[in-house]
Amino acid sequence: FPVTRLVEVVANAGNGYVFPTITIYGQGTNPTISNANTGQTLSVLRALADGEFVVIDTYNRTAMLNGNTNITHQISGDWLYLRAGNNDVRLSMTTPNANAKATFEWRNCYIGI
């Protein structure tokens, strides 16, 4: 069964949606990121060895394994976004080790007139 961990409460201080860059570190199988506030889920359909990582650019809809191999074809689900305010983000994967984690990078988005 997958093990789920709260990554963090990600706070988009702006007033619009923002598309983050997500980095998932192994070890684990079929890592899945979910945003409990939007109902979106994004999965990587592969096993990650200890020390491997996937960088997912949700704006450009790309996924790179270890910075040099395109694995966009192994992404399933939603190219998720962060809504304005707090987002409860979770990482779930089968057989994770202590190094398994996900990080998020984004710029707050402001909608102007």
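Strands β7 and β8 run antiparallel and are joined by two bridges, where two strands count as paired if DSSP finds at least two bridges between them. The structure is a predicted model, in which local features need pLDDT of at least 70, side-chain atom pairs count only at pLDDT 80 or more, and totals for chains, interfaces and linings use all residues. Residues are numbered from 1 along each chain as its sequence is written, and side-chain values use heavy atoms, with hydrogens and water left out.

Within the pairing of β7 and β8, L65 stands opposite T69 in β8. The two strands form a hairpin with three residues between them, and N66 in this turn has a positive phi of about 55°. Strand β7 (residues 62-65) also pairs with β6 (residues 53-57), in the antiparallel sense and over four bridges. In this pairing, D57 has T62 as its bridge partner, I56 has A63, and V54 has L65. A hairpin with four residues between the strands is formed by β6 and β7; R61, in the turn, has a positive phi of about 55°.

In a regular strand the side chains alternate between the two faces of the sheet. The covered face of β7 holds A63 and L65, whereas T62 and M64 belong to the uncovered face.

Strand β6 is further paired with β2 (residues 21-25), in the antiparallel sense over five bridges. Here T23 of the chain has V55 in β6 as its bridge partner. Strands of a sheet pair through backbone hydrogen bonds, either parallel or antiparallel. The sheet to which these strands belong is open and contains five strands, in the order β8-β7-β6-β2-β11, with antiparallel pairing. Strands β8 (69-70) and β11 (101-105) stand at its edges with a single partner strand each, so one side of each is left without a neighbour in the sheet.

The chain as a whole contains 11 strands and zero helices; helices (H or I, at least four residues) and strands (E, at least two) are DSSP runs numbered from the N terminus. The radius of gyration of the chain is 14 Å, close to the 13 Å that the globule rule gives for 113 residues, so the chain is as compact as a globular protein of that length. This radius is taken over C-alpha atoms, and the globule rule is 2.2 Å times the number of residues to the power 0.38. Along its principal axes, the C-alpha trace spans about 45 × 25 × 20 Å.

Of the 113 residues, 38% count as buried (under 20% relative accessible area, with exposed meaning over 50% and partly exposed in between; 1.4 Å probe, protein chains only). The chain exposes about 6100 Å², of which carbon and sulfur atoms supply 50%. Among the contacts (heavy atoms within 4.5 Å) with a separation of 6 or more, residues 24 or more positions apart account for 71%.

One residue of strand β10 (residues 85-94) is D88. This residue counts as partly exposed, at 28% relative accessibility. Not counting residues up to four places away in sequence, D88 touches E8, V9, S34, N35, A36 and N37. The C-alpha atoms of D88 and N37 are separated by 6.3 Å, although the two residues are 51 residues apart along the chain.

Key. Accessible areas come from the Shrake-Rupley method with a 1.4 Å probe; for residues, only the protein chains shown count as cover.
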